[in-house]
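This briefing covers a predicted model. It goes topic by topic, from charged pairs to packing, strand pairing and surface.

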Amino acid sequence: MLARIQLMPRPTRATSLLLTIAATLELLGQLINSTGVSIAAAAAVGAVVGDAFLAPSVRYVQIERQTPARMAVGVEAPVRLSIRGSAKGTSGRRPVVLKDRAPGLDVGRYVVPSMRRGEQAVADRAAMPHHRGCWSDGGRIDIEAYSPLGGWVRRNRVIVASSGWVHPAPAVPLRLPAA
(Lines give C-alpha, C1' and ligand atoms only; values in the text may rest on other atoms or scores of the structure.)
Protein backbone atom coordinates (compact mmCIF):
# COMPACT_ATOMS: atom_id res chain seq x y z
CA MET A 1 0.00 0.00 0.00
CA LEU A 2 1.27 3.46 -0.85
CA ALA A 3 1.30 6.07 1.90
CA ARG A 4 -1.03 9.02 1.38
CA ILE A 5 0.56 12.31 0.40
CA GLN A 6 1.26 15.09 2.87
CA LEU A 7 3.14 17.92 1.20
CA MET A 8 4.07 20.49 3.82
CA PRO A 9 6.32 19.84 6.80
CA ARG A 10 5.04 21.00 10.18
CA PRO A 11 7.12 23.13 12.57
CA THR A 12 8.28 21.76 15.91
CA ARG A 13 8.89 23.66 19.15
CA ALA A 14 12.51 24.23 18.12
CA THR A 15 11.32 26.21 15.08
CA SER A 16 8.98 28.31 17.20
CA LEU A 17 11.82 29.08 19.60
CA LEU A 18 14.23 30.00 16.79
CA LEU A 19 11.66 32.27 15.11
CA THR A 20 10.94 33.97 18.46
CA ILE A 21 14.66 34.55 18.96
CA ALA A 22 14.93 35.92 15.39
CA ALA A 23 12.03 38.32 15.95
CA THR A 24 13.56 39.47 19.26
CA LEU A 25 16.93 40.02 17.59
CA GLU A 26 15.31 42.01 14.77
CA LEU A 27 13.45 44.23 17.25
CA LEU A 28 16.64 44.67 19.27
CA GLY A 29 18.57 45.52 16.09
CA GLN A 30 15.99 48.15 15.16
CA LEU A 31 15.99 49.56 18.70
CA ILE A 32 19.75 49.99 18.94
CA ASN A 33 20.14 50.66 15.20
CA SER A 34 22.59 47.78 14.71
CA THR A 35 23.01 46.17 11.30
CA GLY A 36 24.91 43.20 12.74
CA VAL A 37 22.04 42.17 14.99
CA SER A 38 19.58 42.46 12.09
CA ILE A 39 21.85 40.26 9.96
CA ALA A 40 21.93 37.66 12.76
CA ALA A 41 18.10 37.73 12.83
CA ALA A 42 17.98 37.24 9.05
CA ALA A 43 20.43 34.34 9.35
CA ALA A 44 18.20 32.68 11.95
CA VAL A 45 15.16 33.01 9.66
CA GLY A 46 17.25 31.68 6.77
CA ALA A 47 18.25 28.65 8.86
CA VAL A 48 14.59 27.90 9.61
CA VAL A 49 13.57 28.19 5.94
CA GLY A 50 16.54 26.13 4.75
CA ASP A 51 15.78 23.46 7.33
CA ALA A 52 12.20 23.23 6.03
CA PHE A 53 13.45 22.54 2.50
CA LEU A 54 15.72 19.74 3.76
CA ALA A 55 12.94 17.84 5.55
CA PRO A 56 12.84 14.37 3.97
CA SER A 57 9.81 13.14 2.10
CA VAL A 58 7.57 10.42 3.53
CA ARG A 59 5.31 10.19 0.51
CA TYR A 60 6.70 7.20 -1.33
CA VAL A 61 7.12 4.50 1.30
CA GLN A 62 5.63 1.01 1.09
CA ILE A 63 5.03 -0.70 4.44
CA GLU A 64 3.86 -4.23 5.14
CA ARG A 65 3.18 -5.80 8.55
CA GLN A 66 3.11 -9.56 9.12
CA THR A 67 1.56 -10.96 12.30
CA PRO A 68 0.02 -14.32 13.17
CA ALA A 69 -3.69 -14.53 12.32
CA ARG A 70 -4.45 -15.80 15.84
CA MET A 71 -2.75 -14.70 19.06
CA ALA A 72 -3.36 -15.10 22.79
CA VAL A 73 -3.40 -12.45 25.51
CA GLY A 74 -0.13 -12.39 27.46
CA VAL A 75 1.74 -14.63 25.01
CA GLU A 76 4.37 -12.92 22.88
CA ALA A 77 3.74 -12.99 19.14
CA PRO A 78 6.23 -12.25 16.36
CA VAL A 79 5.67 -9.06 14.36
CA ARG A 80 7.60 -8.32 11.16
CA LEU A 81 7.57 -4.92 9.51
CA SER A 82 8.94 -4.50 5.97
CA ILE A 83 9.67 -0.98 4.74
CA ARG A 84 10.61 -0.28 1.14
CA GLY A 85 11.47 3.03 -0.45
CA SER A 86 9.70 3.01 -3.80
CA ALA A 87 11.55 4.05 -6.92
CA LYS A 88 9.53 7.27 -7.28
CA GLY A 89 11.09 9.80 -4.97
CA THR A 90 12.50 8.40 -1.75
CA SER A 91 15.27 10.54 -0.38
CA GLY A 92 18.14 8.76 1.30
CA ARG A 93 19.13 11.69 3.48
CA ARG A 94 17.63 11.07 6.90
CA PRO A 95 16.34 8.23 9.09
CA VAL A 96 12.60 7.80 9.60
CA VAL A 97 10.67 6.97 12.81
CA LEU A 98 7.77 4.48 12.55
CA LYS A 99 5.11 3.91 15.23
CA ASP A 100 3.23 0.66 14.69
CA ARG A 101 -0.22 0.84 16.26
CA ALA A 102 -1.71 -2.59 15.73
CA PRO A 103 -5.01 -3.23 17.56
CA GLY A 104 -4.64 -5.35 20.66
CA LEU A 105 -0.82 -5.07 20.67
CA ASP A 106 1.53 -2.66 22.39
CA VAL A 107 2.89 0.22 20.31
CA GLY A 108 6.05 -0.66 18.41
CA ARG A 109 8.59 2.06 17.67
CA TYR A 110 11.17 1.63 14.93
CA VAL A 111 13.96 3.87 13.67
CA VAL A 112 14.59 3.07 10.02
CA PRO A 113 18.00 4.09 8.70
CA SER A 114 18.24 6.27 5.63
CA MET A 115 17.26 4.20 2.61
CA ARG A 116 17.93 4.78 -1.04
CA ARG A 117 15.42 4.13 -3.79
CA GLY A 118 14.39 0.50 -3.98
CA GLU A 119 16.13 -0.57 -0.74
CA GLN A 120 14.24 -2.51 1.91
CA ALA A 121 14.51 -2.63 5.68
CA VAL A 122 13.00 -5.46 7.75
CA ALA A 123 12.37 -5.20 11.49
CA ASP A 124 11.33 -8.08 13.76
CA ARG A 125 9.98 -7.77 17.28
CA ALA A 126 8.01 -9.73 19.82
CA ALA A 127 4.76 -7.99 20.79
CA MET A 128 2.53 -8.88 23.70
CA PRO A 129 -1.24 -8.69 23.07
CA HIS A 130 -3.02 -6.91 25.93
CA HIS A 131 -6.65 -7.01 24.75
CA ARG A 132 -8.66 -9.88 23.39
CA GLY A 133 -11.03 -9.55 20.48
CA CYS A 134 -11.37 -9.62 16.71
CA TRP A 135 -10.27 -6.70 14.55
CA SER A 136 -11.26 -6.32 10.93
CA ASP A 137 -8.68 -3.61 10.30
CA GLY A 138 -4.95 -3.89 10.97
CA GLY A 139 -4.53 -0.55 12.68
CA ARG A 140 -2.18 2.13 11.45
CA ILE A 141 1.50 2.92 11.11
CA ASP A 142 2.56 6.52 11.71
CA ILE A 143 5.64 7.74 9.82
CA GLU A 144 7.69 10.71 11.06
CA ALA A 145 10.72 12.22 9.33
CA TYR A 146 12.60 15.13 10.93
CA SER A 147 14.65 17.78 9.17
CA PRO A 148 18.44 17.96 9.81
CA LEU A 149 18.13 20.66 12.50
CA GLY A 150 15.00 19.08 13.98
CA GLY A 151 12.85 22.14 13.33
CA TRP A 152 10.39 20.52 10.91
CA VAL A 153 8.66 17.18 10.79
CA ARG A 154 6.78 15.47 8.00
CA ARG A 155 4.15 12.98 9.10
CA ASN A 156 2.19 10.40 7.24
CA ARG A 157 -0.14 7.57 8.21
CA VAL A 158 -0.55 4.18 6.56
CA ILE A 159 -3.68 2.14 7.27
CA VAL A 160 -2.92 -1.59 7.31
CA ALA A 161 -5.66 -3.76 5.83
CA SER A 162 -5.29 -7.05 7.69
CA SER A 163 -7.50 -8.67 10.30
CA GLY A 164 -6.61 -10.64 13.40
CA TRP A 165 -7.88 -12.49 16.44
CA VAL A 166 -6.60 -12.25 19.99
CA HIS A 167 -7.87 -15.10 22.18
CA PRO A 168 -8.05 -15.17 25.99
CA ALA A 169 -4.89 -16.19 27.81
CA PRO A 170 -4.27 -19.91 28.21
CA ALA A 171 -5.21 -21.24 31.62
CA VAL A 172 -2.52 -22.47 33.98
CA PRO A 173 -3.61 -25.61 35.83
CA LEU A 174 -3.53 -25.36 39.61
CA ARG A 175 -2.06 -28.10 41.75
CA LEU A 176 -4.40 -29.62 44.27
CA PRO A 177 -3.15 -30.06 47.81
CA ALA A 178 -2.10 -33.58 48.70
CA ALA A 179 -4.50 -35.29 51.04
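Eight salt bridges occur in this predicted structure. Three of the pairs are set out below, together with a network of shared partners. The core, the strand pairing, the surface patch and one loop residue follow.

**Salt bridges**

- Glu144 and Lys99 form a salt bridge through their side chains, with an N to O distance of 3.7 Å. Glu144 belongs to strand 9 and Lys99 to strand 5, so the pair links distant parts of the chain, 45 residues apart.
- Glu144 is buried, because its relative accessibility of 11% is under the 20% cut-off.
- Asp106 pairs with Arg125 in another salt bridge, where the closest N and O atoms are 3.4 Å apart. Asp106 sits in the loop between strand 5 and strand 6, while Arg125 is part of strand 7, so this salt bridge ties together parts 19 residues apart in sequence.
- The two partners fall into separate burial classes: Asp106 is partly exposed at 28% relative accessibility, and Arg125 is buried at 17%.
- Arg140 and Asp142 also form a salt bridge, and their closest N and O atoms are 3.3 Å apart. Arg140 counts as partly exposed, with a relative accessibility of 29%. Asp142 counts as buried, at 11%.
- Arg140 and Asp142 belong to one network with Arg101 and Arg157, joined by salt bridges that share partners.

**Nonpolar core**

- The largest nonpolar core has 25 residues. Ile63, Leu81, Ile83, Leu98 and Ile143 touch the most other members.
- Six strands each give two or more residues to this core: strand 2 (61-66), strand 4 (77-85), strand 5 (96-101), strand 6 (108-112), strand 7 (120-127) and strand 9 (140-146). Strand 4 contributes the most, with four residues.
- Which residues does Ile83 contact, leaving aside its neighbours within four places in sequence? Val61, Gln62 and Ile63 are among them. The others are Leu98, Val112, Met115, Glu119, Gln120 and Ala121.

**Strand pairing around strand 4**

- Strand 4 pairs with strand 2 in the antiparallel sense, over six bridges. Within this pairing, Gln62 is opposite Arg84 of strand 4.
- Strand 4 also pairs with strand 7, again in the antiparallel sense, over eight bridges. Here Pro78 is opposite Ala126 of strand 7.

**Strand 11**

- In what sense does strand 3 (residues 70-72) run relative to strand 11, parallel or antiparallel? The two run parallel and are joined by three bridges. Met71 has Val166 as its bridge partner in strand 11.
- Strand 8 (residues 133-135) is joined to strand 11 by three bridges as well, and these two run antiparallel. Cys134 is opposite Trp165 of strand 11.
- In a regular strand, side chains alternate between the two faces of the sheet. Strand 11 (residues 164-167) has Gly164 and Val166 on a covered face, and Trp165 and His167 on an uncovered one.

**Surface patch**

- Leu19, Val45, Val49 and Phe53 make a nonpolar surface patch of about 370 Å².
- Helix 2 (residues 35-53) gives the most to this patch, with three residues. Leu19 lies in helix 1 (residues 13-32).
- Why can Leu19 count towards the patch? Leu19 has a relative accessible area of 38%, which makes it partly exposed. Patch residues need over 30%, so Leu19 passes that cut-off.

**Asn33 in the helix 1 to helix 2 loop**

- Asn33 lies in the loop between helix 1 and helix 2.
- Phi of Asn33 is near 55°, a positive value in a residue other than glycine.
- Is Asn33 buried or exposed? Asn33 counts as exposed, because its relative accessibility of 71% is over the 50% cut-off.

Note on methods: Residues numbered from 1 in each chain as written. Predicted model: local features only at pLDDT ≥ 70, side-chain atom pairs only at ≥ 80, totals over all residues. Heavy atoms only, no water. Patch = residues over 30% accessible without salt bridge, like charges linked within 9 Å, V, L, I, M, F, W, Y side chains within 5 Å. Areas by Shrake-Rupley, 256 points an atom, 1.4 Å probe, with all protein chains shown as cover. Salt bridge = Lys/Arg side-chain N within 4 Å of Asp/Glu carboxyl O. Buried < 20%, exposed > 50% of the residue type's maximum accessible area, 1.4 Å probe, protein only. Core = buried A, V, L, I, M, F, W, Y, C linked by side-chain atoms within 4.5 Å. Contact = heavy atoms within 4.5 Å. Pairing = 2+ DSSP bridges.
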